[in-house]
Structure formats: structure tokens, C-alpha cells
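Visitor: I'd like a quick walk through this model, and I want the reasoning behind each label. Can we start with what the words stand for?

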Amino acid sequence: MEWDDRILIDPTICHGKPVIAGTRVPVAIVVGSLAGGMSFEEVQREYGLLQEDIRAALAFAGALVEEESFHPLPGAA
């Protein structure tokens, strides 16, 4: 899924947080709503999005996680 056509990062919109293009809906809200138990259909209705917008938000979040490095803290179990 290509997310770069649907996700916008612009310092003049929502302080530069990634949003769904053409909206002011942050990617974090979309992903958080799904993580909180909302269905795709509920997110679509609540925020006026398309399924492709939601999938792009998930693809964007996945791409960010892939770029991160995680290091366990010493002594952490």
C-alpha cells in the first residue's frame, strides 16, 4: 500500500503532524481509534474517511515502526 499520496505532513497543518490528505484528521487518531476497538466502518463514519485513507494511515504507521531501532534497557526483563 502506497501511503505517500494520502498522508500529508505540512508544518502549517496540525503543527506538522501527519494527517490524512485533504483533512485535518491525524494519522495517530485513525490508528488509535482502530487500536481502541473501532471498526473500519466506524472510523470512516466518524471522520469522513475512505477505506483507502485508513489503510494508508496503517501503512504509514507500519513504515515508521520498520524504521525504528529498539534496544532493551539493561536489567529489564
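Guide: Sure, and angles come first: axes are lines fitted to C-alpha atoms, for helices over the stretch in contact, and angles run from 0 to 180 degrees between N-to-C directions. Keep in mind that this is a predicted model. With that, the axes of H2 and H3 come within 9 Å and cross at roughly 110 degrees.

Visitor: What makes H2 and H3 roughly perpendicular to each other?

Guide: The cut-off does: 65 to 115 degrees counts as roughly perpendicular. The crossing of H2 and H3 is at roughly 110 degrees, and therefore the pair gets that label.

Visitor: Which residues in H2 and H3 meet?

Guide: From H2 you have Phe 40, Glu 41, Val 43 and Gln 44, and they meet Gln 51, Ile 54, Arg 55 and Leu 58 in H3. Sorted by class, that contact holds four nonpolar, two polar and two charged residues.

Visitor: Let me step back. What is the secondary structure of the chain?

Guide: Three helices and two strands, in the order β-β-α-α-α along the sequence. The C-alpha atoms fill a box of roughly 45 × 30 × 25 Å along the principal axes. Of the chain's 77 residues, 23% count as buried.

Visitor: Now H1. Why are H1 and H3 called roughly perpendicular?

Guide: Their axes come within 9 Å and cross at roughly 95 degrees. Roughly perpendicular covers 65 to 115 degrees, so H1 and H3 earn the term. In this contact, Val 27, Val 30, Val 31 and Leu 34 of H1 meet Ile 54, Ala 57, Leu 58, Phe 60 and Ala 61 of H3. By class there are nine nonpolar residues, no polar and no charged ones.

Visitor: And why is H1 oblique to H2?

Guide: H1 (residues 27-35) and H2 (residues 40-47) have axes that come within 10 Å and cross at roughly 140 degrees. Roughly antiparallel needs an angle over 145, and roughly perpendicular stops at 115. That leaves H1 oblique to H2. The crossing of H1 with H2 is right-handed.

Visitor: Which residues of H1 and H2 meet there?

Guide: On the H1 side, Ile 29, Val 30, Ser 33 and Leu 34; on the H2 side, Phe 40, Val 43 and Tyr 47. That contact divides into six nonpolar, one polar and no charged residues.

Visitor: Which residues in the largest nonpolar core touch the most other members?

Guide: The core has 13 residues, and the ones with the most such contacts are Ile 7, Ile 20, Val 30, Leu 34, Val 43, Leu 49 and Ile 54. H1, H2 and H3 (51-67) are the elements that give two or more residues to this core. H3 gives the most, with four. As background, nonpolar side chains tend to be buried together in soluble globular proteins.

Visitor: What is Ile 54 in contact with, leaving aside neighbours within four places in sequence?

Guide: Val 30, Leu 34, Phe 40, Val 43, Gln 44 and Leu 49.

Visitor: How do you know whether Ile 20 is buried or exposed?

Guide: Buried means under 20% relative accessible area. Ile 20 has 0%, so it is buried. This residue lies in strand S2 (residues 19-20). Not counting residues up to four places away in sequence, Ile 20 touches Arg 6, Ile 7, Val 25, Val 30, Leu 49, Asp 53 and Ala 57.

Visitor: What about Cys 14 and His 15: where are they, and what is notable about phi?

Guide: Cys 14 lies in the loop between strand S1 (7-8) and S2, and His 15 has its place in the loop between S1 and S2 too. Most residues other than glycine have a negative phi. Cys 14, though, has a positive phi of about 50 degrees, and His 15 has one near 55 degrees.

Visitor: Why does Cys 14 count as buried, and what makes His 15 exposed?

Guide: Put the values against the cut-offs: under 20% is buried and over 50% is exposed. Cys 14 is at 17%, so it counts as buried. His 15 is at 79%, so it is exposed.

How values were computed. Residues are numbered from 1 along each chain as its sequence is written. This is a predicted model: local features need pLDDT of at least 70, side-chain atom pairs count only at pLDDT 80 or more; totals for chains, interfaces and linings use all residues. Side-chain values use heavy atoms; hydrogens and water are left out. Angles under 35 degrees count as roughly parallel, over 145 as roughly antiparallel, 65 to 115 as roughly perpendicular and the rest as oblique. A crossing is left-handed if the near helix is turned anticlockwise from the far one by less than a right angle, and right-handed if clockwise. Contact means heavy atoms within 4.5 Å. Ala, Val, Leu, Ile, Met, Phe, Trp, Tyr, Cys and Pro count as nonpolar, Asp, Glu, Lys and Arg as charged, and the others, Gly among them, as polar. A nonpolar core is a set of buried Ala, Val, Leu, Ile, Met, Phe, Trp, Tyr and Cys residues joined through side-chain atoms within 4.5 Å. Buried means under 20% relative accessible area, exposed over 50%, partly exposed in between (1.4 Å probe, protein chains only).
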